[in-house]
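Please look at the surroundings of the ligand before turning to the empty space inside the protein. The paragraphs below take these two topics in that order.

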Amino acid sequence: KTLRVALMGLGSYANRVADAMKDAKRAKVVGVISGTPAKITDWQKRFSIPDKNCYNYENFDAIKDNGDIDAVYIITPNALHHEQCLRVAAAGKHVICEKPMAINAKEGQEMVDACEKAGVKLLIGYRMRFEANTLEIIKRREAGDFGDIKFFQGLSGFKIGDPNQWRLDPKLAGGGAMMDIGIYAINGTRYMVGEEPIWVTAQEVKTDPEKFKEGVDETITFQLGFESGVVASCLSTYSMGNLDRFFLNGTEGFAELQPATGYGPIRSATHKGRLDLPHETHQTTQMDEMAKIILDGKMPKVPVDGKDGVKDMKIIDAIYKAAASGTREEINLS
Ligand code: NAD
């Protein structure tokens, strides 16, 4: 069976996902939700989408009565995800939502609750959780190749361009680099270390308050602590190009990924030598695996569900709190 997906928000990442889905075996673009009629016409041609599977932001609740659509993939600005997810769930369709799932943990939890109540699945677009190099390193960590894990470094950033884009508007972005790219270091810390953090300290640096307004973080360094004694040292920024590195060290050796989360190819190594497993388009693999989760009930070992997304949101809430207070903040992910 194939997962029949409608994409909501036809921007740059939606185009990447839709193109990648052409090669998917279990997932297909069958519908669109957009506020721009010209984009709808273009997508109808590119993906052979019938008129009855096209919606706008006012009328998409009617998707409830559309038997041709199994799931809606929300790929809109961050602050819109919460309300859109609640409406899709109420329409009885499964939700795939881009990261960050929401702009805080409270909203994220409401999304989880709404999907549970509606009896639909909620998955977050964490494509790295299906990536071969990443999964191989996790496997080797579990096999004890690196000994007892002691340290992780996650550096995630890019240099943001156009000052007028929604990513720099706190109302639509819900924050700055942390919401957008820093979340990769957070999510990566959790799957690379294999444990949940219990405290955080954080420091914020802003060199351009004109571009990075109140509520939009430019650069934040943060440290996460774990029950076992592991420490993680991370950086999130909108001001450094080509910053994408994960480094894990234990009592016996190391693993590194650089680039760690870019669209690929991911490059990887351990203390024993280079890995560099072959590249597959992340979004193709992700959509095939998500189809298995939704249609076959097969959740992967490293989860991508809404509950897992809420953990990242709780950590982001704590990072912002720690950066503001200058003190160590506890994190409770249970
Ligand atoms: P984008 O600006 O290219 O696209 C956003 C789309 O949302 C546009 O088509 C825009 O028209 C539409 N939109 C609907 N309502 C809007 C409103 N009120 N204001 C502004 N735009 C509105 O952005 P993008 O890069 O495609 O990012 C969209 C989402 O996808 C974000 O949550 C982002 O974090 C996520 N994303 C994830 C990845 C990944 O690798 N997983 C990569 C890029 C983006």
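The shell around the ligand is made up of 11 nonpolar, six polar and six charged residues; here Ala, Val, Leu, Ile, Met, Phe, Trp, Tyr, Cys and Pro count as nonpolar, Asp, Glu, Lys and Arg as charged, and the others, Gly among them, as polar. The model is predicted, with local features needing pLDDT of at least 70 and side-chain atom pairs pLDDT 80 or more, while totals for chains, interfaces and linings use all residues. Residues are numbered from 1 along each chain as its sequence is written, and side-chain values use heavy atoms, without hydrogens and water.

Of the 23 residues around the ligand (a heavy atom within 4 Å of it), those that come nearest are S12, N78, K99, R127 and W166. Helices α1 (12-21) and α7 (177-193) each give the shell at least two residues; helices are DSSP runs of H or I with at least four residues, numbered from the N terminus.

Oxygen atoms of the ligand lie 2.8 Å from a side-chain N or O atom of N78, 2.8 Å from a polar side-chain atom of W166 and 2.9 Å from one of K39. The protein buries 79% of the 850 Å² that the ligand exposes when taken alone (Shrake-Rupley method, 1.4 Å probe).

What lines the largest cavity? Its lining consists of Y126, R127, M128, Y184, N187, G188 and Y191, where a cavity is a set of points on a 1 Å grid over the protein atoms alone at which a 1.4 Å probe fits but cannot get out, and lining residues have an atom within 4 Å of a point. By class, this lining has four nonpolar, two polar and one charged residues.

Key: On a 1 Å grid over the protein atoms alone, a cavity is a set of points where a 1.4 Å probe fits but cannot get out, and a pocket is an open set with protein on both sides within 12 Å along at least five of seven lines; lining residues have an atom within 4 Å of a point. A polar contact is a pair of N or O atoms within 3.5 Å; within protein, one must be able to donate a hydrogen and the other to accept it, and residues adjacent in sequence count only if both atoms are side-chain atoms.
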